[in-house]
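Please open the structure in a viewer and keep the selection tool at hand. The tour below proceeds from the whole chain to single residues.

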Amino acid sequence: MLTYYSDDHHLHHGKCELIDGQLMPCFEKPQRADHILARVKARQLGEVRAPKDFGLAPIERIHSKAYLEFFRGAWARWQEQGGKGDLLPFTWPARTLRRMIPNDLHGQLGYYSFDGGAPITAGTWQAAYSAAQVALSAQQEIANGAHSAFALCRPPGHHAAGDLMGGYCYLNNAAIAAQAFLDQGRKKVAILDVDYHHGNGTQDIFYQRSDVLFASIHGDPAEEFPFFLGYADELGEGAGEGYNFNYPLPMGSSWDTWNAALEQACQRIADYGAEVLVVSLGVDTYMEDPISQFKLDSPDYLAMGRRIAALGLPTLFIMEGGYAVEAIGVNAVNVLEGFEGA
């Protein structure tokens, strides 16, 4: 399986995030991708290539130009103001406030963010831009006839909506790739999100559309981040009604429970008649993940890969979460090897 990867991810290395009422060292850090890359090479999964540059146009198919302009220029504005440290929001347009875009940098940051977990640093824009190019490069391989490819993206993307960052995510790599498939002639694309946390950004982007089916298996948002999206009764709206499927599971869920949800999600994808599959590959479902509460073990990821392969679809894997850094390479590559060996 061909892997695309960019060293530019090292340019994004936030010092802190707001979690549990404290400014904590970021769980989303460069070592995550480094460990996965090392495992890809150690297991001789296949060739590792640098991405091509497809420019902003395919990113603009998902993200608004106003949001991209803000994100691209935020760090320079912060420096012009004499800012020190990471740029983090401290105010948000909550329910009783107007949803307007102020002129001030911090007001705009609050408008374009939904939490304090997506710090902007000097290299964040370039890292996120390159991650999107990684996804697009792997997508092109499948468009050109490959049965599978792995986009080793960092930072991740599935929490980012069309004009919203948060949850370590800035550009939605899975959505950008799915849209590229559609723009190149595919009629039905499925996205399977196996990250512990619900892919709220991906759901929002495609919620009113029938050309992308979204299925997500995740921690119950009544108890788990992102809290405000990911419930089972969210089935899509308008043209998208019946094309969104959430499988929220209780904390402590192990493989048997999780696998039952995977079976349901895979059946939905098969019934939909998807032409191609995008997998938002989060491995924070692992039993030792520091910020997640499922109990999957490393061998379970081999079984996960085999079940996804049974769909028989051209499949693009896009890296999302996973914060047990020492195990992340084994678990991510196990999914890929399970898929390849099926």
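Each stop below names what to select and then describes what is there.

**The whole chain**

Begin with the entire protein chain displayed as a cartoon; please note that this is a predicted model. The chain contains 10 helices and 10 strands. Its C-alpha trace spans about 55 × 45 × 40 Å along the principal axes. How does the radius of gyration agree with that of a compact globule? For 342 residues such a globule would have a value near 20 Å, and the protein chain has 18 Å, which agrees.

Next, switch on the molecular surface. The accessible surface of the protein chain amounts to about 13,600 Å², and 49% of this belongs to carbon and sulfur atoms. Of the 342 residues, 58% count as buried. Contacts between distant parts of the sequence can also be considered here: among those joining residues at least 6 apart in sequence, 76% link residues at least 24 apart.

Colouring the side chains by charge shows 25 positive and 41 negative ones. The centres of these two sets lie 5 Å apart.

**The annotated domain**

Select residues 28–337. UniProt, in an unreviewed entry, places the feature "domain: Histone deacetylase" at these positions. Over this range the chain is 39% helix and 12% strand. The C-alpha atoms at the two ends of the range are 24 Å apart.

**Two loop residues: Q44 and F54**

Select Q44, in the loop between α1 (31–42) and β4 (48–49). Is this residue buried or exposed? With a relative accessibility of 72%, Q44 counts as exposed. Its backbone also deserves attention: phi is positive, at about 50 degrees, although Q44 is not a glycine.

Move on to F54, in the loop between β4 and α2 (57–60). F54 is partly exposed, with a relative accessible area of 31%. Leaving aside neighbours within four places in sequence, F54 is in contact with Q133, L136, S137 and Q140. To see how the chain returns to this place, add A132: F54 and A132 are 78 residues apart in sequence, while their C-alpha atoms are 9.1 Å apart in space.

**The loop between β5 and α6**

Select P155, in the loop between β5 (148–151) and α6 (173–183). A cis peptide bond joins R154 and P155, with omega at about 5 degrees.

Y168 lies in the loop between β5 and α6 as well. Its phi is positive, at about 75 degrees, although Y168 is not a glycine. Y168 counts as buried, because its relative accessibility of 10% is under the 20% limit.

**Helix α7 and a second cis bond**

Select helix α7 (residues 200–206) and pick out Q203 within it. Q203 is buried, with a relative accessible area of 2%. Which residues does Q203 touch, not counting those up to four places away in sequence? They are H198, F214, L229, E234, N244 and N246.

Continue to P226, in the loop between β7 (212–219) and β8 (244–249). Here a cis peptide bond joins F225 and P226, and omega is about 10 degrees.

**Helix α8**

Select helix α8 (residues 255–272), where A265 is found. A265 counts as buried, at 0% relative accessibility. Its contacts, leaving aside neighbours within four places in sequence, are L192, A215, I217 and Y247. For a view across the structure, add G21: A265 and G21 are 244 residues apart in sequence, and their C-alpha atoms are 35 Å apart in space.

**The loop between β9 and α9**

The final selection is M287, in the loop between β9 (276–281) and α9 (298–309). M287 is partly exposed: its relative accessible area is 35%, and residues from 20% to 50% fall in that class. Not counting residues up to four places away in sequence, M287 touches F294, K295, L296 and D297. To close the tour, draw a distance from M287 to R61. The two residues are 226 positions apart along the chain, and their C-alpha atoms are separated by 37 Å.

How values were computed
Residues are numbered from 1 along each chain as its sequence is written. This is a predicted model: local features need pLDDT of at least 70, side-chain atom pairs count only at pLDDT 80 or more; totals for chains, interfaces and linings use all residues. Side-chain values use heavy atoms; hydrogens and water are left out. Helices (H or I, at least four residues) and strands (E, at least two) are DSSP runs, numbered from the N terminus. The radius of gyration is taken over C-alpha atoms; the globule rule is 2.2 Å times the number of residues to the power 0.38. Buried means under 20% relative accessible area, exposed over 50%, partly exposed in between (1.4 Å probe, protein chains only). Contact means heavy atoms within 4.5 Å. Accessible areas come from the Shrake-Rupley method with a 1.4 Å probe; for residues, only the protein chains shown count as cover. Lys and Arg count as positive and Asp and Glu as negative; His and the chain ends are not counted. The place of a charge is taken as NZ of Lys, CZ of Arg, CG of Asp or CD of Glu. UniProt positions are given in the numbering used here, feature names are shortened, and annotations may be inferred rather than shown by experiment.
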